[in-house]
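Work through the exercises below with the model open. Try each task before reading its solution.

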Amino acid sequence: MILSKRLSKVLDYIDNLDIVADIGADHGYLSLEMLNKGVQFIQVVENKIEPLKRAQLTLGFPNNIKYSLSDGISDLDEKINTVTICGMGGLNIVEILNNNLSTAKRLKKLILQANSKVYELRKFLNLSGFLIDEEEIVYEKGSYYEIIVCHYDEFSQTNISEEELFFGPILLKKQSLDFISKYEQKLNLYLNILNNNDISNNEDIESLQNNINLIKQYVKGDWYGQN
Ligand SMILES: C[S@@+](CC[C@H](N)C(=O)[O-])C[C@H]1O[C@@H](n2cnc3c(N)ncnc32)[C@H](O)[C@@H]1O
């Protein structure tokens with residue numbers, strides 16, 4: 001089975017010392033490839049029965065898989081040291097972590113891929129003492145996906161800047177081609193909205209202008225001549 005580019009990138013961060021809970025596993029494709037990669041035990045977690053059944057169809061019932069019909073990380077097996085939480089909204093991921101913060105804090109690795117509200121997710125991680133170890137941006141079928149790998153560090157005093165929250169501290173440093181393309185697209189979109197007077201609300205105009213300024217200031221694109 002061929003994994004999507006997005007989930008393949010998530011898989012890159014998994015090694016065979018990880019004992020993983022795949023939260024919101026749905027079809028179970030990521031879990032299957034983690035097993036193929038040498039992961040010894042996986043807890044497959046779903047909060048709905050139909051997706052859980054889909055995962056069971058993909059994975060069957062080997063001894064090294066435990067299925068849980070439960071909410072987020074509320075019922076993690078004690079031996080789990082890594083979680084993947086992928087393909088969900090950022091606020092849902094925040095809720096999953098915040099509802100069981102002590103469990104999230106004891107994990108050695110959290111691999112998070114939010115489909116939206118990544119700024120809010122980074123802000124939550126930063127305020128709660130999680131350190132971002134790795135970040136990646138992946139372009140697939142017309143969408144950009146951001147992957148965050150992090151862990152809790154009780155000694156972290158990470159006051160990351162507004163631009164690091166907005167772009168991602170590591171993505172901002174790396175400035176990959178996909179990263180630059182994403183913000184080229186966004187800048188064009190924002191400028192079009194402003195130039196066509198598509199918004200009337202002052203707050204929205206301010207936030208749009210703020211985003212435009214951030215992109216022009218921090219992304220290494222060729223913005224010459226764009227107002
Ligand atoms: C869009 S699918 C993503 C599937 C897979 N992780 C991926 O990235 O392709 C999101 C899945 O997360 C599950 N989900 C959402 N909130 C959840 C929660 N609080 N606990 C467990 N599963 C959850 C949904 O039922 C759904 O199957």
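**Exercise 1: a loop residue**

Ile160 lies in the loop between E7 and helix H7 (162–167). The model is predicted: local features need pLDDT of at least 70, side-chain atom pairs count only at pLDDT 80 or more, and totals for chains, interfaces and linings use all residues. Residues are numbered from 1 along each chain as its sequence is written. Helices (H or I, at least four residues) and strands (E, at least two) are DSSP runs, numbered from the N terminus.

Task: state how Ile160 is classed by burial, and which residues Ile160 is in contact with beyond its sequence neighbours.

Solution.
- Step 1. Take the cut-offs: buried means 20 or more other C-beta atoms within 10 Å of the residue's own, exposed means 12 or fewer, partly exposed is in between, and C-beta atoms are placed from the backbone.
- Step 2. Ile160 has 16 C-beta neighbours inside 10 Å, so Ile160 counts as partly exposed.
- Step 3. Two residues are in contact if their C-beta atoms, placed from the backbone, lie within 7 Å. Neighbours within four places in sequence are left aside; Ile160 then contacts Asn126, Leu165 and Pro169.
- Step 4. Check a C-alpha distance as well. Ile160 and Lys123 are 37 residues apart along the chain, and their C-alpha atoms are separated by 8.8 Å.

**Exercise 2: the sheet**

Task: give the strand order of the open sheet, then find which strands stand at the edges.

Solution.
- Step 1. The open sheet has 7 strands in the order E3-E2-E1-E4-E5-E7-E6, with mixed pairing. Two strands pair if DSSP finds at least two bridges between them.
- Step 2. Strand E3 (65–69) and E6 are at the edges. Each has a single partner strand, so one side of each lacks a neighbour in the sheet.
- Step 3. On average, neighbouring strands are turned by 15° against each other, direction ignored.
- Step 4. Follow two pairings. E1 and strand E2 (residues 42–46) are parallel over 4 bridges, and Ala21 stands opposite Gln43 in E2. E2 and E3 are parallel over 5 bridges, with Leu69 in E3 as the bridge partner of Glu46.
- Step 5. Place a helix on the sheet. H4 touches E1, E4 and strand E5 (109–114), and its direction makes about 150° with that of E4.

**Exercise 3: a covered strand and a helix beside it**

Task: are the faces of strand E1 (residues 20–23) covered or uncovered? Then list the buried residues of H2.

Solution.
- Step 1. In a regular strand the side chains alternate between the two faces of the sheet.
- Step 2. In E1, Val20 and Asp22 point to one side, Ala21 and Ile23 to the other. All four are buried, and both faces are covered.
- Step 3. The buried residues of H2 are Tyr29, Leu30, Ser31, Leu32 and Met34. These pack against helix H1 (5–12), E1, E2, helix H3 (49–59) and strand E4 (82–88).

**Exercise 4: positive phi**

Task: where do Asp26 and Lys141 lie, and what phi does Gly38 take?

Solution.
- Step 1. Most residues other than glycine have a negative phi.
- Step 2. Asp26, not a glycine, has a positive phi of about 50°. Asp26 sits in the loop between E1 and helix H2 (29–36). Asp26 is partly exposed, with 19 other C-beta atoms within 10 Å.
- Step 3. Lys141, not a glycine either, has a positive phi of about 45°. Lys141 is in the loop between strand E6 (130–140) and strand E7 (143–152). Lys141 is exposed, with 8 other C-beta atoms within 10 Å.
- Step 4. Gly38, just after H2, has a positive phi of about 115°.

**Exercise 5: two helix pairs**

Task: describe how H4 packs with H6, and how H9 packs with H10.

Solution.
- Step 1. Axes are lines fitted to C-alpha atoms, for helices over the stretch in contact, and angles run from 0 to 180 degrees between N-to-C directions.
- Step 2. Helix H4 (residues 90–99) and helix H6 (residues 118–127) pack at about 20°, with axes 8 Å apart. That makes H4 roughly parallel to H6 (the class for angles under 35 degrees; over 145 is roughly antiparallel, 65 to 115 roughly perpendicular, the rest oblique).
- Step 3. The H4 side of the contact is Gly90, Leu91, Ile93, Val94 and Asn98; the H6 side is Val118, Glu120, Leu121 and Phe124.
- Step 4. Helix H9 (residues 177–195) and helix H10 (residues 202–218) pack at about 145°, with axes 10 Å apart.
- Step 5. Tyr183, Lys186, Leu187, Tyr190, Leu191, Ile193 and Leu194 of H9 meet Leu208, Asn211, Ile212 and Ile215 of H10.
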